[in-house]
Amino acid sequence: MLALTELGQRLRQERESKGLSLEDLQKLTKIQKRYLLGIEEGNYEVMPGKFYVRAFIKQYCEAIGLDTDAIFEEYKSDIPSTQTEDMPQQLSRVRSRKEIPQHTKGVSKAYDYLPTVLVVAGVVVVGIIIWVIAQNIVSDKNKEQANQEAPNSEVQQSNTQEETNETTAKNDNSKSEDEQIAADKKEKEKAAKEKAEKEKAEKEKKDSGKQEYKEVQKTGRSATYALSGTDAFNLEVTSTQADTWLDVKNGKGNAFFSSILKKGETKEFDLTKETEARVNIGYSPGVELKVNGKAVDLPFDSSKQVRQVVTIQYQPAEAQ
């Protein structure tokens, strides 16, 4: 086993402090586990090329919440340079197959069996004709028997139909009463739901009219916002595209959440009693933020800044 470089030790310690395994990191970065292990061990020979070494280290740092620029500057002696190396060419794993030669020997064999095939086909055709004739004879006999039994069947069917009509009428009356009860219950539930939704919408509209969410400053990949004009501070974070590392702390550094946020998962935080919250997002593409139920934009373009840190300073309306 190779000795760890200083960079490899730093990355492994940071990953383990986040409670992440190499399998978790592979899901986050989409980088094969053996390449991630190569980065930690300083074994860059397993990589496709120096270009990939730098690219994979950058993705590793962003996934665990490290500043890639600072890491590259601090450990530049451990990271290979790509100034004199071209981009590695993509090697195709698909190789053309040789054409399979056509042989005429099989064709000649088919002609040898042709007489036998014709005889078998003739026997099958004769069998089908005999079967069709037999079916017609049986069908004619069944029709004749049915005509003889028709009068008695019509009388019996008439009696049965009358009994069926009476039973159906009783069932229809019972069914109508049950349907009416169910319809009334459904109508009451619908009215109650509409009333609750209307009250909620009016409350949110009233609160949103007072609430202010303003940018205070931006620097690097961090931004600060001020939340005022409301007596509540509820935060929702949703990841819609991929798993992401999420770290939510208050102004004193106490963590509310520090783990992987799965694709399609939403985390809600009641921060009403806090004066400040710091949201560290490891992979921002597809991440949505809501403050008190209202969607707010991330401070930076996620295609340019994958990792983003959002600090929200909260001042309750009653304290203003």
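User: Which residues of α1 are buried?

Analyst: Happy to help, and keep in mind that this model is predicted. Helix α1 covers residues 6-17, and a residue counts as buried when its relative accessible area is under 20%. By that cut-off, the buried residues of α1 are L7, G8, L11, R12, E14 and R15.

User: Why are these buried residues on the same side of α1?

Analyst: An α-helix has 3.6 residues a turn, so residues three or four places apart point the same way. In α1, the buried residues L7, G8, L11, R12, E14 and R15 share one side because the arc they cover around the axis is only 165°.

User: Which residues are exposed on the other side of α1?

Analyst: Exposed residues have a relative accessible area over 50%. On the side of α1 away from the buried residues, those exposed are E6, Q13 and S17.

User: What do the buried residues of α1 pack against?

Analyst: Let's follow the buried side, which includes L7 and L11. Its packing partners are helices: α2 (22-29), α3 (33-41), α4 (50-64) and α5 (68-74).

User: Which strands stand at the edges of the open sheet?

Analyst: The sheet has four strands in the order β6-β3-β8-β9, with antiparallel pairing. An edge strand has a single partner, so one of its sides is left without a neighbour in the sheet. The edge strands here are β6 (266-270) and β9 (294-296).

User: Which residue of β6 does V237 stand opposite?

Analyst: Strand β3 spans residues 234-239 and pairs with β6 in the antiparallel sense over five bridges. Within this pairing, the residue opposite V237 is K267.

How values were computed
Residues are numbered from 1 along each chain as its sequence is written. This is a predicted model: local features need pLDDT of at least 70, side-chain atom pairs count only at pLDDT 80 or more; totals for chains, interfaces and linings use all residues. Side-chain values use heavy atoms; hydrogens and water are left out. Helices (H or I, at least four residues) and strands (E, at least two) are DSSP runs, numbered from the N terminus. The expected span of a helix is 1.5 Å times one less than its number of residues. Buried means under 20% relative accessible area, exposed over 50%, partly exposed in between (1.4 Å probe, protein chains only). The arc is that of the directions from the helix axis to the C-beta atoms. Contact means heavy atoms within 4.5 Å. Two strands pair if DSSP finds at least two bridges between them.
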